[in-house]
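Colleague: Got a minute to go through this one with me? I'd like to start with the rings.

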Amino acid sequence: MFNKRVLNNQDSVDSEKGPGIVLPILLADKGLEYLIELVKQIRPSSPRNTEQAEIRFKALLYQLQQDISSLVSLRTALRSQFQNSEVLPALLESGLISSRGFVQELTGKIKHKILPELQEPTNFLYVISRVFFKHTDHIWVKSIDRELWKKLFRLLRVHINMNNLQLIGQLKEALRILSFRIATLSLEKEVVQRFGQYQDTLAPFLDQNKLVTVLLENEHDPRNAQLILYNIQEHLYNCRQSIVWLRDQGMYYGTSLSQTFLTTRIIQMIDRMLLISDVLDRDNKLDEDRFINYFITVITNENKKSSLREFLSDNLGLLAYQIAEHKGKKGEKYISTNSAEFKQLFWSAVGGGFIVSVVAVVKNLLTKIPMAPFWAGVAYSTNYAAGFVLMDRTNSTLATKQPAYTASAVANSLDSKKQKGKPDLKNLAITIGNISRSQIASFAGNLVIVFPLTYGIVWAMDRFLNYRIVDGNQAMQLLKDQHPYQSFALLYACFTGVFLFASGIISGYVENHMVYGKLPERLRQHPVLSHTMSEKKLNRLVDLMTRYSGALTGSIALGFFLGMSSAVGKIFAIPFDIRHITISAGNAAIGYFGLEQKVEWTYLLIVLAGVLGIGFLNFFVSFSLAFFVALKSRGLLMRDYPELFRFVWRYFKKYPKDFLLPAKGGRRAEEI
């Protein structure tokens, strides 16, 4: 389609030059194709190859400086595409959630991902989406040095003429529409009911709309318009602070998906109004940094507009944050800081070991009953769930339930929303040491009782009831099922880690919903319960639900996750099952007792190592997933804290015993 002209110069001339690139020649009415071809030659082979992108960009700058015809062609192509473009859709749509409901927006994105929505050629976004058509283009565009972009725009003499009546009209129309939308959304139930007695907090949302109306009515008075614009900006900042305050209240009153979605929309629109008002109060042109920021933002938004991952991440992040808050608070009780707490955790885990031993024996007894896979899964699930619920009611500990909570507790201390400046990484390293020994105490407490007690139970059944649960090949199969490389034990242990994490999320969600939905107050005022139960009994019921609903729901969910997994594997004939360290230890004890043939002690050691490996993977997967979600929900990245690992390693080298047993008198940050 194009006649091509090759830049005849050496591949690398100086710091401002790069290898030669081929620029197309502009043909009549082919401005868009020209820009597409030009960007194609700048685009690096990998979106994260910043060096290659900058080299090609420098080559473009060099050729534009040396060849005036190329520069004129590029200016002409840009002018032909943008001089009559409608920027209003970009201001009202690009990067903004367009629908009122989460499900509606999600459905729209799925449809547009399959078949992109139609855009008019006069739409500014039409050009952007055609030129930067790869969904990864925003990565290399963002990574190129800002100074190079400034040089390009200076060469092209890009500026915004604020005397352009068409442009000013579109900016003011966008300001008006966004203002009405913000005022309307601020009156939604999810916002109004949370402000409650702080009704003055609503005033900025309504006042900014009044000021925008006044601005548009007095647009011929420049001095008055400037003053009104400043007042609009002040009210918008107040609106933003009100939404931030509302989100922070979710820590105490809970939150919901609809409230999270709504507040996200409002903040997006406030930020867009601030950008527009900042443009309108400038003279003659837009400043370079602001223009480049908006240019990159539009490309990023267009690349991601149908991204389900980005949409879910942005809108579920704050909801996950509140769920993680509830888990984080509970996680503090699983972290021992002194000898007394360490011993308490150990003996609590011993109590959990008693219950797991019974659960393991009952589960193996249930396998003797001929049942279809589904009903067998229901029976196993009920057994597991009953055991986990009993642990909750007796305040005993299951070691593998800790990681989902302790991970959130660690993320809390990294949370920039709670701390001024950087977190104290030395104390955080000490917290990680505390978690390590607390987890070891729980594992030890579970295992020290599970194997001998389970062995004792099956021995007693054999001795007094003359009944052996398994023998011969069945006993050997139980041992083989825990073997690290003669079975899928380690893979199944990873599946179990995912289920442990998921049950923690479910528990946090229920606790959050209890608070946000004001369920205790609603139960007390229930028209039937309040008239059929005494006040004392009703209050007791409400207190029980408030205290145990989250934990019981999580325990029941975990029981059904573990119990139904083998049924799913059998129904679909796939290798899908679970391996849980305490249950695996109980199964190993049952299998060892039932052996009728001699087994090498080395084989038994490998099975023991397999059980420990199962425990490690249970912990690692569950902790990693919970920690990732906790960091993601807070907008944190571990790469921002590289020195944390250095402090943990230094602490481990200096005081390795602290990761197993508590130090006398505790450990201070100054000692690391």
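**Rings and charges**

Modeller: Sure, starting with a charge: Arg 646 has its charged end over the ring of Phe 647, 5.1 Å from the ring centre. Keep in mind that this is a predicted model.

Colleague: Which ring does Arg 667 lie over?

Modeller: That would be Tyr 655, where Arg 667 lies over the face at 3.7 Å from the ring centre.

Colleague: And ring against ring, how many aromatic pairs are there?

Modeller: The count comes to 20 aromatic pairs. Take Trp 459 and Phe 464: their centres are 6.1 Å apart and their planes sit at 85 degrees, so this pair is edge-to-face.

Colleague: Is Phe 464 buried or exposed?

Modeller: Phe 464 is exposed, at 60% relative accessible area, while Trp 459 is partly exposed at 41%.

Colleague: What about Tyr 492 and Phe 495, what kind of pair do they form?

Modeller: A tilted one, with 6.1 Å centre to centre and 35 degrees between the planes. Both belong to helix H21 (residues 489-516), and because they are three residues apart there, about one helical turn separates them. Tyr 492 is buried at 9%, whereas Phe 495 is partly exposed at 23%.

Colleague: Which residues form one aromatic cluster with those two?

Modeller: Phe 488, Phe 499, Phe 561 and Phe 576 join Tyr 492 and Phe 495 in one cluster.

Colleague: Switching topic: how many disulfides?

Modeller: Zero disulfides. As for cysteines, Cys 239 is buried, with 0% relative accessible area, and Cys 494 is partly exposed at 26%.

Methods
Residues are numbered from 1 along each chain as its sequence is written. This is a predicted model: local features need pLDDT of at least 70, side-chain atom pairs count only at pLDDT 80 or more; totals for chains, interfaces and linings use all residues. Side-chain values use heavy atoms; hydrogens and water are left out. A disulfide is a pair of cysteine sulfur atoms within 2.5 Å. Buried means under 20% relative accessible area, exposed over 50%, partly exposed in between (1.4 Å probe, protein chains only). Rings of Phe, Tyr and Trp (its six-membered ring) pair if their centres lie within 6.5 Å; planes under 30 degrees apart count as stacked, over 60 as edge-to-face and the rest as tilted. Helices (H or I, at least four residues) and strands (E, at least two) are DSSP runs, numbered from the N terminus. A charge sits over a ring if NZ of Lys or CZ of Arg is within 6 Å of the ring centre and within 35 degrees of the ring normal.
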